Amino acid sequence: LTEILYIGRVDGMSMKMRRSPQTALVLAEFLSDEQEWRYGYDISRNTGLKSGTLYPILMRLAEHRMLKTSWETAETGRPPRHMYKLTKDGLRYARELVSVARELATGEPAFEGVGL
Amino acid sequence: MTLVRRLALGISSRVVRWASPGCKEWAEGLEREAAVIESDWAALRWSIGSTRVLLDRREAPMTSLDDAYAIAQKFFEKRKKENSYFFWTCVVLSALSVALFCVPTNFIGRIGDGLVSGGLLFSLYRMHVYRSFVVRHPSGLKDRVANYRSELQRYIKFNYGWASLLNVALTLSGLLVISYVYSVQISGAFTIADYASDNSFYIAISFPIALMIYMNLHERQRQIAELDALLAERDGVSAL
């Protein structure tokens, strides 16, 4: 019950934000360096997610005001890149969701090998 | 530049061109990333993945209450025109279906005509009630945006509520019965499978139409969530 209430609290905070394992992966990646602006391709490489999976997640996070976006200051001869960073609300949500995901993940091995 | 790289950049630039206003910035972000990926094949895979953005059809984002108000004005103008158009279309179709109902035909055909007439008359009544509602136009910007939000909710309730479902069910079932009667008259007795294959075109186009209707609902709900966040920001309270 505590776990359900806990997840419910994360849910309420997120306004129907989908809690998929991929979202948890992306958020964990952002948490690895909270203050850094991140590029899409770097997140994709580090999480192993394809652009078609990653960008809808980023778009949803931005829609819920959890992610801020910015264009890189242009260097000569190179077009600016789009960068992403979690907002305060995003960081709070990410910490909660990632910790829930980790708790669930550490609980999982107990069911392995049961042969169901 | 290799052919693969050229293909990757070509896909990315088309994604930017065809992306909906609300996804343009993201499509551009994807395009820029494709340009910096060193491996040509990885860039191509990235570009192909970026086409996913095209499935997401959304209006330009509302970043401030002023934006929201500008979008609200367009919404009210568009609704006014569309409501009037749909209302008069309903008037004509209702009159036509009632006239058809009066034409002597067989019993099943009559049931079909009755269902269509009932559905259209019900729809006419609902349109009349919807149009009769006096929309307030308050003076403050925040109140105007809140008013837009409640109007969006009214729009969703009107188009996606139970009454709307009943409306569609009545009219569609009536149309199915009528088309079945006509098919039997033309081809003689035949099975449901024959009927489905004869009308496969209509069945096929009903899926994209249903998808579009669902996407419209999703977009309106997304806008309401966006407005909530804007209004909460304005109040100085985080909505998340």
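## Salt bridges

Across all chains of this predicted model, a search of the whole structure turns up 13 salt bridges. One of them pairs the side chains of A:R81 and B:E33, with a distance of 2.8 Å from N to O. This pair joins two chains, because A:R81 sits in the loop between β2 (67-71) and β3 (82-86) of chain A, while B:E33 belongs to helix α2 (residues 24-36) of chain B. Are these two partners buried or exposed? A:R81 has a relative accessibility of 9%, so this arginine counts as buried. B:E33 comes out at 0%, so the glutamate counts as buried too. The cut-off behind both calls is a relative accessible area under 20%.

Helix α9 of chain B has salt bridges of its own, and B:R222 is a good residue to follow here. Its side chain meets that of B:E219 in a salt bridge of 2.9 Å, N to O. Because B:E219 and B:R222 are 3 residues apart in helix α9 of chain B, about one helical turn separates them. Both B:E219 and B:R222 are buried. B:R222 also forms a salt bridge with B:E226, where the closest N and O atoms are 3.3 Å apart. This second pair lies in helix α9 of chain B as well, with 4 residues, or about one turn of the helix, between the partners. B:E226 is buried, as is B:R222. Elsewhere in the list, A:E63, B:D56 and B:R58 are joined into one network by salt bridges that share partners.

## The two chains

Now for the overall make-up, starting with chain B. Its secondary structure consists of 9 helices and 0 strands, so to speak a plain run of α-α-α-α-α-α-α-α-α along the sequence. Chain B has 240 residues, of which 37% count as buried.

Chain A mixes both kinds of element, with 5 helices and 3 strands. Read from the N terminus, the order in chain A is α-α-β-α-α-β-β-α. Of its 116 residues, 46% are buried. A backbone detail in chain A is worth a look: A:R65 has a phi near 60°, which is a positive value in a residue other than glycine. A:R65 is placed in the loop between α4 and β2 of chain A.

## The largest pocket

How much volume does the largest pocket have? The figure is about 1,700 Å³. The lining of this pocket is made up of 39 residues, and the closest to its centre are B:V168, B:T171, B:L172, B:I209 and B:I213.

Several helices of chain B contribute to the lining of the largest pocket. At least two residues each come from α4 (65-102), α5 (107-132), α6 (141-160), α7 (162-187) and α9 (200-235) of chain B. Sorted by class, the lining has 21 nonpolar, 13 polar and 5 charged residues.

## The second largest pocket

The second largest pocket holds about 900 Å³ of space. It is lined by 24 residues, and those closest to its centre are A:E63, B:Y214, B:H218, B:Q221 and B:R222. Two elements give two or more residues to this lining: α4 (51-63) of chain A and α9 of chain B. Which element gives the most to the lining of the second largest pocket? That is α9(B), with 11 residues.

By class, the lining of the second largest pocket has 10 nonpolar, 3 polar and 11 charged residues. Two of the residues closest to the centre of this pocket, A:E63 and B:R222, have already come up above: A:E63 takes part in the network with B:D56 and B:R58, and B:R222 forms salt bridges with B:E219 and B:E226.

## A nonpolar surface patch

On the surface, B:F201, B:Y202, B:I205, B:I209 and B:I213 form a nonpolar patch, and their accessible area together is about 510 Å². B:I209 and B:I213 are also among the residues closest to the centre of the largest pocket.

B:F201 is part of helix α9 of chain B. Is this phenylalanine buried or exposed? B:F201 has a relative accessibility of 53%, so it counts as exposed, the cut-off for that class being over 50%.

Terms used:
Residues numbered from 1 in each chain as written. Chains lettered and ligands numbered in written order. Predicted model: local features only at pLDDT ≥ 70, side-chain atom pairs only at ≥ 80, totals over all residues. Heavy atoms only, no water. 1 Å grid on protein atoms, 1.4 Å probe; cavity = no way out; pocket = protein on both sides within 12 Å on 5 of 7 lines; lining within 4 Å. Points joined across faces, edges and corners; volume = space filled by probe spheres on them. Nonpolar A, V, L, I, M, F, W, Y, C, P; charged D, E, K, R; others polar. Patch = residues over 30% accessible without salt bridge, like charges linked within 9 Å, V, L, I, M, F, W, Y side chains within 5 Å. Areas by Shrake-Rupley, 256 points an atom, 1.4 Å probe, with all protein chains shown as cover. Salt bridge = Lys/Arg side-chain N within 4 Å of Asp/Glu carboxyl O. Buried < 20%, exposed > 50% of the residue type's maximum accessible area, 1.4 Å probe, protein only.
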